[in-house]
Amino acid sequence: MKSSLLIANWKMYKTVEESASFARLLTERLRGWWNPEEVGLVVAPTAVAIFKLAQSLADGGVQLAAQNMDLGTEGAFTGALSAYLLHEAGARLVILGHSERRRYFAETDALVAEKVEAAWHAGLTPVVCIGETESERDRGETQTVLDRQLAAILKKPLGSSHPLIIAYEPVWAIGTGRVAQNQDVGQLAHLIRRWLDQVQAPAAVPILYGGSVNPENLAGFLSLDDVDGALIGGASLSLDHVVSMVKVAMGARQTDTSIAKG
Ligand code: PGA
């Protein structure tokens with residue numbers, strides 16, 4: 001029986017107050033029917049809102065992710081935020097290697113790999129984003145790109161102290177309203193699963209799809225064998241959409257259970 005995971009990536013949107021009021025309303029709207037064991041829910045607000053949200057979401061089952069982190073523990077690195085600081089503020093996961101970080105902040109595969117190690121060290125679960133650009137896809141290089149990005153982070157056997165989440169996000173589908181075909185996502189998620197098998201990752205490593213996910217198309221992605229959830233940007237800024245997507249994921253799980261029972 002598959003459990004699913006939804007991660008809301010708010011990017012550079014929502015003030016601290018807006019984030020806090022969203023979190024309060026979200027907790028109210030989920031009360032009584034949402035089961036976090038069945039559908040995990042993670043919110044990645046701006047870094048300045050993490051501490052406040054950690055206090056308001058403390059017992060509700062919604063977890064917090066940072067959207068990025070810097071290397072190092074502490075030191076003279078003006079402007080940097082270490083994994084330790086984010087963990088102390090209340091984050092339990094960290095999104096790494098998002099295509100916007102790779103594109104606008106020149107993050108390389110090697111840097112992402114270093115950050116993954118630092119996140120593990122601080123007790124954060126890295127959510128590593130991989131995916132091809134439109135021109136790479138047009139040149140038929142999608143698999144090569146994914147292989148390169150995965151090779152950078154999956155160099156050794158993973159144990160229980162290396163929790164990991166992989167998000168496949170085709171760059172051309174992010175924020176564009178164009179989604180990848182379910183069949184293509186299914187095949188690429190399978191390729192990612194084979195990579196994880198090679199490093200003996202625990203079967204529990206979730207693989208997410210990201211790129212213009214919304215309440216209408218979510219169920220299709222969740223129905224794919226190797227896809228365990230979604231990383232959601234634009235649609236996660238709306239409370240109604242987040243509540244709808246949690247409902248969709250809870251429903252998809254129930255369908256799954258009835259299929260399993262025959
Ligand atoms: P999107 O963003 O849902 O707005 O396409 C996804 C992401 O950037 O993680």
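Is alanine 106 buried or exposed? Select alanine 106 and look: it is exposed, with a relative accessible area of 58%. Keep in mind that this is a predicted model. We will come back to this residue after a look at the whole chain.

**Stop 1: the whole chain**

Show the protein chain as a cartoon. It has ten helices and eight strands. Its radius of gyration is 17 Å, close to the 18 Å that the globule rule gives for 262 residues, so the chain is as compact as a globular protein of that length. Along the principal axes, the C-alpha trace spans about 60 × 45 × 35 Å.

Now switch on the surface. The accessible surface comes to about 12500 Å², and 53% of it belongs to carbon and sulfur atoms. Of the 262 residues, 52% count as buried. Contacts reach along the chain too: among those with a separation of 6 or more, 73% join residues 24 or more positions apart. Colour by charge next. The chain has 23 positive and 29 negative charges, and their mean positions are 2 Å apart.

**Stop 2: strand S1 and the loop after it**

Select residues 4–9, which form strand S1. Serine 4 lies in this strand. Serine 4 is buried, with a relative accessible area of 11%. Which residues does serine 4 contact, leaving aside its neighbours within four places in sequence? They are Glu38, Val39, Gly40, Leu222, Asp228 and Ala249.

Move on to lysine 11. It sits in the loop between S1 and helix H1 (16–30). Its phi is positive, about 50°, although lysine 11 is not a glycine. Lysine 11 counts as buried because its relative accessibility is 18%, under the 20% cut-off.

**Stop 3: alanine 106 again**

Go back to alanine 106. Its place is in the loop between H4 and H5. Alanine 106 is not a glycine, yet its phi is positive, near 55°. Lysine 11 is buried, whereas alanine 106 is exposed.

**Stop 4: helix H5**

Select residues 109–121, helix H5. How far apart are its end C-alpha atoms? They are 19 Å apart, which agrees with the 18 Å that 13 residues should span at 1.5 Å a residue.

Show the side chains. The buried residues of H5 are Asp109, Val112, Ala113, Lys115, Val116, Ala118, Ala119 and Trp120. Now add what they pack against: helix H3 (83–89), strand S4 (93–96), helix H4 (99–104), S5 and helix H7 (142–153). Just after H5, stop at glycine 123, where phi is positive, about 85°.

**Stop 5: strand S5**

Select residues 125–130, strand S5. Threonine 125 is found here. At 17% relative accessibility, threonine 125 counts as buried. Not counting residues up to four places away in sequence, threonine 125 touches Arg92, Leu93, Val94, Pro163, Leu164 and Ile165.

Next, pick isoleucine 130, also placed in S5. Isoleucine 130 is buried, with a relative accessible area of 2%. Measure from its C-alpha atom to that of tyrosine 168: the separation is 5.2 Å, though the two residues are 38 apart along the chain. Beyond its neighbours within four places in sequence, isoleucine 130 is in contact with Arg102, Leu146, Gln149, Leu150, Ile166, Ala167, Tyr168, Glu169 and Ile192.

**Stop 6: helix H8**

Select residues 182–198, helix H8. The 17 residues of H8 should span 24 Å at 1.5 Å a residue, and its end C-alpha atoms are 24 Å apart, which agrees.

Which residues of H8 are buried? Highlight Val185, Leu188, Ala189, Leu191, Ile192, Arg193, Trp195 and Leu196. Their cover includes S5, H7, strand S6 (165–168), strand S7 (207–210) and helix H9 (218–222). Isoleucine 130 of the last stop has Ile192 among its contacts.

Glutamine 187 also lies in H8. Glutamine 187 is exposed, with a relative accessible area of 52%. Its C-alpha atom is separated by 9.3 Å from that of leucine 224, 37 residues away along the chain. Finish at glutamine 200, which follows H8 and has a positive phi, near 50°.

Methods:
Residues are numbered from 1 along each chain as its sequence is written. This is a predicted model: local features need pLDDT of at least 70, side-chain atom pairs count only at pLDDT 80 or more; totals for chains, interfaces and linings use all residues. Side-chain values use heavy atoms; hydrogens and water are left out. Helices (H or I, at least four residues) and strands (E, at least two) are DSSP runs, numbered from the N terminus. Buried means under 20% relative accessible area, exposed over 50%, partly exposed in between (1.4 Å probe, protein chains only). Contact means heavy atoms within 4.5 Å. The radius of gyration is taken over C-alpha atoms; the globule rule is 2.2 Å times the number of residues to the power 0.38. Accessible areas come from the Shrake-Rupley method with a 1.4 Å probe; for residues, only the protein chains shown count as cover. Lys and Arg count as positive and Asp and Glu as negative; His and the chain ends are not counted. The place of a charge is taken as NZ of Lys, CZ of Arg, CG of Asp or CD of Glu. The expected span of a helix is 1.5 Å times one less than its number of residues.
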